[in-house]
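I opened the model to go through one chain-to-chain contact and one metal site. My notes follow in the order in which I looked things up.

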Amino acid sequence: MTSILKNRLFWPAAILVVLLVINMFTSRQFVTVQDGHLFGTLIDILRNSAPLILVGLGMTLVISTGGIDLSVGSVMAISAAVACLLIQDLDDQNSVGPVLLIIGIAIAVSMLMGLWNGTLVAIIGIQPIIATLILMVAGRGIAQLITDGQIINVQSGPYATIASGFFAALPVALLIAVAATVLILLLTRRTALGLLLESVGGSPTASRLAGIGARRITIMVYVVAGGLAGLAGLIYSANIKSADSISAGNLIELDAILAVVIGGTALVGGRFSIAGTVLGAVLIQTLAVTVVAVGIPSEANLLFKAVVVVALCLFQSPTLREKVFGRLTPRTARAEVTA
Amino acid sequence: MTPVTDKGTPTNPRRRVYRPNAKYVPIIATLSLLVIMYSSGVANYENFGDPSVFVNLFRDNAVLLVVAVGMTFVILTGGIDLSVGAVISLTTVLTATLLKGGWPPLVVLPAVLILGALIGAGQGAVIHFFKVEPFIATLAGLFLARGTALTINEQSIPIRDDMWKAISEYRIVLAEGVVTKPIAIVAMLAVLIAAVTLAWTRFGRNVYAIGGNADSALLMGLPVGRTKIAVYTLSGFCAALGGVLFSINSTSGWALQGNGLELDAIAACVIGGVLLTGGSGYVWGTLLGVLVTGLIQTIINFQGDLNSAWTRIIVGVLLFAFIVLQRLVTRKAR
Amino acid sequence: GGSGDSGSESGGDDKLVLGFSQVGAESGWRTANTKSIQESAKAAGIELKFSDAQGKQENQISAIRSFITQKVDVIAFSPVVVSGWDAVLKEAKDAGIPVILTDRAVDAQDTSLYESFIGSDFVEEGKKAGEWLAKEYEGKTEPVNIVELQGTTGSAPALDRQKGFADAIASNTNLKIVKSQTGDFKRADGKTVMETFLQSTPDIDVLYAHNDDMGLGAIEAIEAAGKKPGTDIKIITVDAVKDGMTALADGKINYIVECSPLLGPQLMELAKKVDAGETVEKRVLTKETTFTQEQAKTELPNRQY
Amino acid sequence: MGEQSPVLEMTGIRKVFPGVVALDGVDFRMFPGEIHALMGENGAGKSTLIKTLTGVYEIDGGEIKLGGVPVRISGPLQAQQAGVSTVYQEVNLCTNLSVAENIFIGREPRRFGKIQWGRMRRRAAELLARLDLDLDVSAPLSSYSLAIQQMVAIARAVDVEARVLILDEPTSSLDASEVEQLFRVMRQLKESGVAILFVSHFLDQIYEVSDRLTVLRNGQLISEHRVEELSQVQLVEKMIGKELAALEDLEDKAQRNRERAAEAKPVLEARGLGRTGAIAPYDLTIHEGEVVGLAGLLGSGRTELARLLFGADKADHGELAVAGKPVNLRNPQVAMRQGIAFSSENRRTEGIIGDLTVRENIILALQAARGWTRPIPRKKQDEIVDKYIKALQIRPADPERPVRNLSGGNQQKVLLARWLITEPKLLIIDEPTRGIDVGAKAEIQRLVAELSDGGMAVLFVSAELEEVLRLSHKIAVLRDRRLVEELENTAGVDADRIMQTIASGATS
Ligand SMILES: Nc1ncnc2c1ncn2[C@@H]1O[C@H](COP(=O)(O)OP(=O)(O)OP(=O)(O)O)[C@@H](O)[C@H]1O
Ligand SMILES: Nc1ncnc2c1ncn2[C@@H]1O[C@H](COP(=O)(O)OP(=O)(O)OP(=O)(O)O)[C@@H](O)[C@H]1O
Ligand SMILES: [Mg+2]
Ligand SMILES: [Mg+2]
């Protein structure tokens, strides 16, 4: 019992469950089967969490090295813009092959953006927040240039599938997010990458002297984060079948960082938790849905969010937990001393 | 036997020669780059050389400057304060609402400043006592402050109070054709006071010590908790002061005011050479950082033919050029 | 690229210089607005100093001050927010530079601070939308459930369109707004919020969206839920951008209230007059209308944005 | 002294960490004007006892009395105010601040609330002069070596007006002359009635300054003695809880045959290698199976010399050949590929990664060398780690414990293990026995001897001249950041001979 309570992820999970239960009551269909696939609020939440999960995964890796990536939102916009621009020019928007190729190109472009960030941070040695701020500002401008400030619409079936399609009764977007999560988990926990990342984040100097090629690893992490943000951008734009360079991924960096922190990864770097980030991302998305479902007036949205975040960070605080739950185990010896 | 003393130069003199200015290199580099940037503006744009362009930088960025000063303290301890923009909005909304409700301005002013400080103190307390990450604690503060502002009033509220208007319209003539406003003076005073505090007081030095190594600072017997809470209080106060300046500058209150200002403030600090990991940097650097961002904005305004997309790209490019040059210069000098 | 012509630094000639401070580029509508202004300035032989405030009042204030420093002939701007312009407008007035407001109003007490305000009336737009709906359900008594997708919380168009709409339907007691939530003027948010509306509200009859984009996002959600937009759920939106008009012509939207971004030519005309010292009307409304599905079909080929 | 009342009295102190009882009902007392040594093996609980006293840790049981009054100390600040001044085991200073500030922060001389910088610097310089140090007090502390930092920490502690002064292993990286300075100051303070708690693993030092000692073992109080009552052998027996025969055996093995292969191939040759401002160009050749010791005073450049050979700093003069082939050691990775390993003297900031476990810390370098794509199989990891935990007696023997929670000495052993498992051709160890107890120290010396017998070249840096003399085939002597002489460690060479070299600059 106490060991469950002590787990950092207990409270986010508990709050998530509470929010889901609320949604169970407010929604008419929580999970049902319709047209041969799953449908309902829960599925919507999971499907819509996909971009945040993807961005959060990349952010987790970046943060584990002690960095931060503010440019993810802009990278999302660029990737979406590139993809939609190219798809728009296809003769047959519904042919799968070219669309896949275009998706590949968009992700490659995003990884290039990540490479840029990584180079600034690891080679030139600029503080991550300012290095990625450059792309955050300029990147959205680039996306706007690509789309000429307008929303580019596409009518590509295969493209829309990555956001709203279903495969084996499950939403494709969710499957992509799950696949990425599994991939990152394998990448970090089945290879030595996780250890090396935590080491670089824990102490860059000590890591360097232990012979870890911190530069290469740091660059790689930003590249991966860029690629994942690009993928998130594709899902975002496929969801609305258009590239909206202004709103795509706007302010998502804050949500992503919040998801990472809720998930128990410290912003100073070091130990990280992939599962925690995914939980955090789903929690944030659920919160957004709950606000609408419960009918909280839009001007009070932020207050509601504040209450949840405050509750969460207080519950997660080890000291508060000790003060509240520590009483459960009587400490006679200590009582004597204080007396 | 080779005389040891001539080639194996005694270590002390050499260190004395370059170490002390080594720590000012970033500031000097930033300053020179700023001068270069300004000169190229003068060379390229008509009227750019007008002294009022430079003087106006202080007026136009007064709010950012005040907020960034508070942020500098927080960042020096290794923390971060995301709530400043929201505190600004809450302050402007409260100020406007209270003044509209007929409260005397001399009551409103201290009230909102104290409120800002209290919000900061609350965040600091949560960070210190409950060991909550500053990022998440102040993000909650952001939601709370802006949420409150929005629930008080979604719409923008004009301020018709005479004192506010008088201050807003008051001009200080510095020279023929060069005027500035009280808010700029307030902002410069804030910088001055902060610089003195950081350099000459125990509190200031504790801030650096905590940023350098909080565990060590604790073991050295420094009041870590008190100092941490104090810097967030200070940052909250500065944000509220920024809010007041904002409400003076725009004679209105609005819940969406100061959106994203926290990032600008953090960026200004970092551009000015303050290390986000804490323990290193100067308020003067922050001042330069604010001037750099302000100058970039001015150049964009003078360019005058950039649409939104190009505005962003040019801001990015200028920022990039500046940061990379700064980095290369400081690295060489080391 | 969407950038205008390069404003040559030819201070010497007597070309009219117009300083224009745009709110930002928060939507396709806004980009069209910017383009219209840039193109018509070129056509009218006016040198345009353009500045993008990126949605921040402080940027806008400093842009206007910068125009004053640069000694432009006329200043025009779309205010980010209604209040807070007294001081800077006064500075412009003292410098002898006339000011024209576009698109959004200000609440300055002293209206002599600006020459004219050209733009749409958001309350009126909301009202038009409400009136159409009231007419549509005229004589019917069964309850009509309306959901509303609001624009950015606290922004002037969102507040006004909400107010105008609510006023217009107030007298019909059977028309009821059951849910109202912000979609931030974005397509994606329109979609996700609509998804939740559909899940939590049993019978939605009408959707009122504060702009086309949110409406288009909502259409996606409605279709995904297996319903027919325009038939099962009636949709009213504001703006009439090309994508919205297409959907209207396709029968997926029922009614659009136009909010035209193309006020460039009108603005240039005003600027010239103001510069010449002529008196102009204090309030100039943009030429705009409303569209039904039939009207959309004929209008669609002419839409350029 | 017995009739006096104790200035500090701790009774029944208990401290439990998750999974370890660090202190189990320990009694401890100190009298005014005595130097009291706290003795025990690595992980015995010495540092923990100190931290409970200064309020860093909250005690789980027991009572603390200062001057006869029960007190509850809630943190270092309160401890300082109550007259307890402390130098903790790991140097706890702020390296971003200047030397002077590190000495005075929290109690800077002020006038009208304004810090008097000039006065502060002057006083700092005076204080350091008392310890025979001449530093630029306005330079950031980070520009000084760890040993200097330790001296600065000491300077800070001794300047505080205190009833009780605690020094947790202050001498671990100081060399003989600095230790002498420290002892001089300690004796002065003792004269003035200060009670000094002193922790050290150097028995000679204990017997030189202490009046009384308390022995801990496994978190329990073993006994308290007047120093002269107890012989060194008896003391060690009390510390390890075993007869000493085993230990002497180790000492014997460490006495070794130093004549080695004249025909051995050079592993590494440095020609005119140097780095401006750090170390003057030097020549050095290290052969297979050879142990080269570096001797010199504090700040003589031993560490700087060693760092160049690992690419930890980049040389700006001269060249280097490994196994006869010229190489450019751009960074540590290149050096590791050449079979060079380097264990830094600064274990806290350049060694361990606190959040990671003992296992992860041990395999880190090996893993880095293999690259991230080739993880070491978990089974193999466990094997290696278990082997070295046993071999080096790392305690607690739990590979999954975060290394931050280990005692200082045990952390040092983890670091050694990290490099030993990479099986390097040349092992550079800077102060490897820093903070390590007698038993483990002998063990490490034996290990070094064994490795070199097996053909490994070792560059051995230690502030302890005895150790250098015992292990090395060849000793390089440094002075003022210059390699002044290379000596074959033959029969005639002893500590005096080396000190003479250091003092005179060079002999030849
Ligand atoms: N913060 C902590 N969390 C968990 N265990 C700890 C912590 N600090 C110390 N320990 C454990 O308590 C025991 C005593 O450690 P302590 O540091 O007091 O030893 P020590 O006698 O100072 O040893 P050394 O001579 O190596 O410095 C060790 O087993 C150590 O692992
Ligand atoms: N007496 C001193 N005066 C001034 N600076 C010193 C002194 N001693 C050491 N230093 C500084 O400390 C550093 C000493 O270099 P290094 O670490 O190589 O010495 P070392 O021989 O390893 O000595 P130790 O590690 O025992 O301090 C130099 O960078 C120098 O700036
Ligand atoms: Mg210890
Ligand atoms: Mg050394």
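Entry 1, the contact of chains B and C. I am working from a predicted model. I looked up who takes part: chain B supplies 42 residues and chain C supplies 45 residues. For the area buried between the two chains I noted about 3800 Å², with 43% of it from carbon and sulfur atoms. On the chain B side, B:Arg160, B:Asn301 and B:Asp305 lose the most area to chain C, and together they make up 15% of what that side buries.

Entry 2, polar links. I found seven salt bridges between chain B and chain C. One I wrote down joins the side chains of B:Arg171 and C:Asp94, at 3.0 Å from N to O. Residue pairs in polar contact across the two chains come to 18, both partners being at pLDDT 80 or more.

Entry 3, elements of chain B. I listed those that give two or more residues to the side touching chain C; among them are β1 (157-158), α9 (162-169) and α16 (308-333). The most comes from α4(B), with five residues. By type, I have this side of chain B as 12 nonpolar, 17 polar and 13 charged residues.

Entry 4, the magnesium ion (ligand 4). Which protein donors does the ion have? I found D:Thr303 (OG1) and D:Glu345 (OE), 1.9 to 2.5 Å from the ion. D:Thr303 is in helix α10 (residues 302-308) of chain D, while D:Glu345, 42 residues apart from it, is in the loop between β18 (340-343) and α12 (347-350). I checked accessibility too: D:Thr303 counts as buried because its relative accessibility is 17%, under the 20% cut-off. D:Glu345 has 9%, so it also counts as buried.

Key
Residues are numbered from 1 along each chain as its sequence is written. Chains are lettered from A and ligands numbered from 1 in the order in which they are written. This is a predicted model: local features need pLDDT of at least 70, side-chain atom pairs count only at pLDDT 80 or more; totals for chains, interfaces and linings use all residues. Side-chain values use heavy atoms; hydrogens and water are left out. Donors are N, O and S atoms within 2.8 Å of the metal (3.2 Å for Na, K and Ca); water is not among the atoms, so sites may look incomplete. Helices (H or I, at least four residues) and strands (E, at least two) are DSSP runs, numbered from the N terminus. Buried means under 20% relative accessible area, exposed over 50%, partly exposed in between (1.4 Å probe, protein chains only). Contact means heavy atoms within 4.5 Å. Buried area is the accessible area (1.4 Å probe) that two parts lose on being put together, summed over both. A salt bridge is a side-chain nitrogen of Lys or Arg within 4 Å of a carboxyl oxygen of Asp or Glu. A polar contact is a pair of N or O atoms within 3.5 Å; within protein, one must be able to donate a hydrogen and the other to accept it, and residues adjacent in sequence count only if both atoms are side-chain atoms. Ala, Val, Leu, Ile, Met, Phe, Trp, Tyr, Cys and Pro count as nonpolar, Asp, Glu, Lys and Arg as charged, and the others, Gly among them, as polar.
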